[in-house]
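Trainee: Please pick one strand and take me through it closely. Then show me how the rest fits around that strand.

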Amino acid sequence: MKACSASPALERLRGRFERLYGRSAAPACLERLVLALGRYGLEARTPGRRGWDQSDRILIAYPDAVTARGERPLAVLKRFLDRRLAGAFDTLHLLPFFPSSSDEGFSVIHYRTVNPELGNWADVAGLGGSFRLMLDLVLNHVSRQSAWFKEFSTGIAPARDYFIEADPGTDLSAVVRPRSSALLTPVWTRRGYRHVWSTFGPDQIDLNYANPDVFFEILDILLYYVSQGARIIRLDAVAFLWKRIGTPCLNLPETHEIVRIFRECLALAAPDVLLLTETNLPAGENESYFGGGEEAHLIYNFVLPPLL
């Protein structure tokens, strides 16, 4: 693959996979990564404008922010923005438009499907034709109604290993919690009741990134969004990705390593696409996701808007 011909980049990626999954697993991970990049042929795309500066203006909008009877909300949104706000901004952060079960779209059931009540991928592409498009990659958790979790419950591979089980008697007091709900959710499976990790509540079940299959599922979804026109990828709740009992399970080194791999992949296959991390943390922890220029291109600053 032409985009992966740079051996220094491959060697860096090999080292990152070694730190995540061990030396013996790294070669297979590297091969899977090359195949994932080649799957979408992104290296053939003509690069657009790179980077961003103080002149960029970003609008955040729900997919059904503007509606008209009998019309697809995404199509109505494009018409409204083209007619009423043309030139007022250059980037649209389109909040999740996938089938979901809760949390304003952030409990995703199907990652590659547009909710038919909102429109279709052609509508998303239309918005991307008018504006630089930012899409959310909800990568810490999936909906309890997702196919992956249903397969976990029924014991079907590979998804039966996609989630984190824990004994409810385990001391998890060190884990940082963003919500007041229980950290572990009891669910019925073919093996009986199991308690699964659910940082954001019982409808949003955390993925197990210690399983490389999970990493490659999410990487493929990221690349799919890029192929559908995303020019900024927002990594939702990224700070919670990696879990290790006895730690806060927040900002762990493995989490930063995953963000670095995403950055390296985009540099190879889609160099004009930017990563934005969303962590909602104190400034120093938030800024750590710049990673010395190896991680996010942009980070959210949750403190500034309320102060303004």
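Mentor: Start with a caution. Over residues 1-5, pLDDT stays under 50. For that stretch the model has ten contacts beyond four places in sequence. Where pLDDT is low, predicted coordinates should not be read in detail. Remember that this whole model is predicted. The mean pLDDT of the protein chain is 93. Of its residues, 95% reach 70 or more.

Now to our strand. Take E8, residues 230-236. Is E8 enclosed or open? Count its buried residues: seven of the seven. E8 is therefore largely enclosed by the rest of the structure.

What does E8 pair with? On one side is strand E3, residues 132-138. E3 and E8 run parallel, and six bridges join them. Find Val-138, then look across to E8: its bridge partner there is Asp-236. E8 also pairs with strand E9, residues 274-277. Here four bridges do the joining, and the two strands again run parallel. Look at Ile-232 this time: its bridge partner in E9 is Leu-274.

Next, follow the chain from E8 to E9. Helix H7, residues 253-269, belongs to this stretch. Together E8, H7 and E9 make a right-handed β-α-β unit. H7 is mostly covered, with 14 of its 17 residues buried. Check its length too. At 1.5 Å a residue, the 17 residues should span 24 Å. The end C-alpha atoms of H7 are 25 Å apart, so the model agrees with that expectation.

Stay with E8 and pick out a residue. Which residues does Ile-233 touch beyond four places away in sequence? The list includes Leu-135 and Leu-137. Leu-222, Tyr-225 and Val-226 are on it as well. So are Val-273, Leu-274, Leu-275 and Leu-276. Ile-233 also belongs to the largest nonpolar core, which has 87 residues. Seven of its members touch the most other members: Phe-17, Trp-148, Tyr-209, Phe-215, Tyr-225, Ile-233 and Phe-262. Helix H6, residues 212-227, gives the largest share of this core, eleven residues. Another core lies apart from this one. That second core has eight residues, among them Ile-164, Ala-166, Leu-184 and Cys-249.

Now step back to the sheet. E8 sits in an open sheet of six strands. Read the order as E1-E2-E3-E8-E9-E10, with parallel pairing. Which strands are at the edges? They are E1 and E10, where E10 covers 298-299, and each pairs on one side only.

Go outward from E9 to reach E10. Two bridges join E9 to E10, and they run parallel. Leu-276 stands opposite Leu-298 in E10. You have met Leu-276 already, as one of the residues that Ile-233 touches.

Now go the other way, past E3. Strand E2, residues 91-94, is joined to E3 by four bridges. These two strands run parallel. The bridge partner of His-93 in E3 is Met-134. The chain crosses from E2 to E3 through helix H4, residues 121-130, and this β-α-β crossover is right-handed.

Look at the two faces of E2. In a regular strand the side chains alternate between the two faces of the sheet. In E2, Thr-91 and His-93 are on one side, with Leu-92 and Leu-94 on the other. All four are buried, and both faces are covered.

E1, residues 58-61, comes next in the sheet order. Four bridges join E1 to E2, and these strands run parallel. Leu-59 stands opposite Leu-92 in E2. The chain crosses from E1 to E2 through helix H3, residues 73-84. This β-α-β crossover is right-handed.

One loop residue deserves a stop. Asn-115 is found in the loop between E2 and H4. Is Asn-115 buried or exposed? Its relative accessibility is 18%, so Asn-115 counts as buried. Beyond four places away in sequence, Asn-115 touches Phe-97, Phe-98 and Pro-99.

For contrast, go to Tyr-193 in strand E6, residues 192-197. At 55% relative accessibility, Tyr-193 counts as exposed. Leaving aside neighbours within four places in sequence, Tyr-193 is in contact with Pro-186, Val-187 and Trp-188. Set Tyr-193 beside E8, where seven of the seven residues are buried.

Key:
Residues are numbered from 1 along each chain as its sequence is written. This is a predicted model: local features need pLDDT of at least 70, side-chain atom pairs count only at pLDDT 80 or more; totals for chains, interfaces and linings use all residues. Side-chain values use heavy atoms; hydrogens and water are left out. Buried means under 20% relative accessible area, exposed over 50%, partly exposed in between (1.4 Å probe, protein chains only). Two strands pair if DSSP finds at least two bridges between them. A crossover is right-handed if, with the strands pointing away from the viewer, the path from the first strand over the helix to the second runs clockwise. A nonpolar core is a set of buried Ala, Val, Leu, Ile, Met, Phe, Trp, Tyr and Cys residues joined through side-chain atoms within 4.5 Å. Contact means heavy atoms within 4.5 Å. pLDDT is the predictor's confidence in each residue, from 0 to 100. The expected span of a helix is 1.5 Å times one less than its number of residues.
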